Amino acid sequence: MTDTTETTESTDTAGVPVLPAPLADAVVVERDGAALHVRLNPAQQGDVLGTAALDGLLAVLDGLHACPGVRVLVLSSTGADFSLGADRTEYEEALAADASGAATRRAVDQAHRVCQALETTHVVSVARLHGRVVGAGLGLAAYCDLRVGADDCRFRMPEVALGLPPAWGGAMGRLVSEAGVARIRELFLTCTEFDAQTAHRIGLLHKIAPPDQLDAEVARVTRPLLRRDPAALALTRRMLAGYSRADRAADVSLLDSHILTAHLQQMRGRE
């Protein structure tokens with residue numbers, strides 16, 4: 001596993017962040033006016049959030065600084081599912097190659113950087129969710145400002161059932177902020193799968209639609225955003241981020257990489 005820290009600093013003539021290979025294979029980027037469509041491309045590594053996908057997302061988000069005309073980012077996936085979570089195989093391989101855990105911590109820290117970039121970018125982010133949305137996939141979606149899901153979506157936070165702490169990208173704090181500690185405590189501890197209607201009821205989905213109407217619903221959500229003043233949008237979402245972070249005054253998400261790596265090391269020692 002490699003730790004890619006270089007991000008794109010260039011855009012093409014259409015004002016789209018340019019991704020170097022092989023990141024362009026992991027994340028597909030297309031601009032439509034003031035909207036940027038970013039699609040996870042699981043053909044490369046399955047419906048999981050591996051190194052290439054995270055590096056690609058971070059490159060896109062960093063590249064938005066050179067795209068002031070972009071007001072909305074729509075995050076989706078070209079696969080059968082939005083995301084089946086983090087790539088645990090990569091973590092295990094990194095730990096096998098470097099028993100100190102440094103490589104694993106760098107990989108998990110990359111997830112934190114992506115989520116923080118998504119939370120602090122100037123554009124409004126909209127998650128388009130379909131199929132299964134699992135673990136880190138739900139954490140990533142939670143960092144989007146608005147979430148629209150197909151009515152047959154299935155959600156789950158399976159980490160505890162897998163013998164792992166839910167330490168990815170600061171997702172626990174974000175989910176608690178979005179849906180409330182009581183609901184998130186139940187979902188983390190029981191690892192119960194839940195449907196789109198439940199996700200909507202507890203605030204993890206803002207809109208739901210039949211699968212064949214999902215794109216139309218996403219368009220209905222994004223259309224008014226594209227008419228808003230860019231400065232007002234950016235300032236409002238920064239204010240909202242500030243208030244939500246006030247609820248996370250004791251944010252321990254920076255420890256995620258250390259917590260997960262230490263647990264993986266302990267599990268490896270018991271084998």
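Two strands count as paired here if DSSP finds at least two bridges between them. Keep that in mind for the sheet, which is the main stop on this tour of a predicted model.

**Whole chain**

Start with the protein chain in cartoon view. The chain has 11 helices and nine strands. Of its 271 residues, 49% count as buried. Switch on a surface: the chain exposes about 12200 Å², and carbon and sulfur atoms supply 54% of that area. For contacts between residues at least 6 apart in sequence, 73% join residues at least 24 apart.

**The sheet**

Next, select the strands β1, β2, β3, β4, β6 and β9. These six form an open sheet, in the order β1-β2-β3-β4-β6-β9, with mixed pairing. At the edges are β1 (27-32) and β9 (207-209), each of which pairs on one side only. From one strand to the next, the twist averages 20°. Strands of a sheet pair through backbone hydrogen bonds, either parallel or antiparallel.

Now narrow the selection to residues 124-129 and 146-150. The first range is β4 and the second is β6; the two strands run parallel, joined by four bridges. Which residue of β6 stands opposite L129? Show L129 and G149 together: G149 is the residue opposite.

Stay on β6 and turn to its pairing with β9. These two strands also run parallel, with three bridges between them. Select A150 and A209 to see one bridge pair, with A209 as the partner in β9. Is β6 mostly covered or mostly open? Mostly covered: four of its five residues are buried.

**S125 in β4**

Go back to β4 and pick S125, which lies in that strand. Is S125 buried or exposed? S125 counts as buried because its relative accessibility is 0%, below the 20% cut-off. Display its surroundings as sticks. Leaving aside residues up to four places away in sequence, S125 touches L73, L118, Y143, C144, D145, L146 and R237. One of these, L146, belongs to the range of β6.

**C191 in a loop**

Move to C191, in the loop between α7 (181-190) and β8 (194-195). Although in a loop, C191 counts as buried, at 6% relative accessibility. Its contacts, not counting residues up to four places away in sequence, are R156, M157, P158, V160, A161 and E186. Then draw a distance from C191 to L162, C-alpha to C-alpha. The two are 9.5 Å apart in space and 29 residues apart in sequence.

**A nonpolar patch on the surface**

For the last stop, bring the surface back and select L235, M239 and Y243. Together these residues form a nonpolar patch with about 370 Å² of accessible area. L235 sits in helix α10 (residues 230-246). Why does L235 count as exposed? Its relative accessible area is 53%, and exposed means over 50%. To finish, show S125 and L235 in one view: S125 is buried at 0% relative accessibility, whereas L235 is exposed at 53%.

How values were computed. Residues are numbered from 1 along each chain as its sequence is written. This is a predicted model: local features need pLDDT of at least 70, side-chain atom pairs count only at pLDDT 80 or more; totals for chains, interfaces and linings use all residues. Side-chain values use heavy atoms; hydrogens and water are left out. Axes are lines fitted to C-alpha atoms, for helices over the stretch in contact, and angles run from 0 to 180 degrees between N-to-C directions. Patches are made of residues with over 30% relative accessible area and no salt bridge: like charges are joined within 9 Å, nonpolar side chains (Val, Leu, Ile, Met, Phe, Trp, Tyr) within 5 Å. Accessible areas come from the Shrake-Rupley method with a 1.4 Å probe; for residues, only the protein chains shown count as cover. A salt bridge is a side-chain nitrogen of Lys or Arg within 4 Å of a carboxyl oxygen of Asp or Glu. Buried means under 20% relative accessible area, exposed over 50%, partly exposed in between (1.4 Å probe, protein chains only). Contact means heavy atoms within 4.5 Å.
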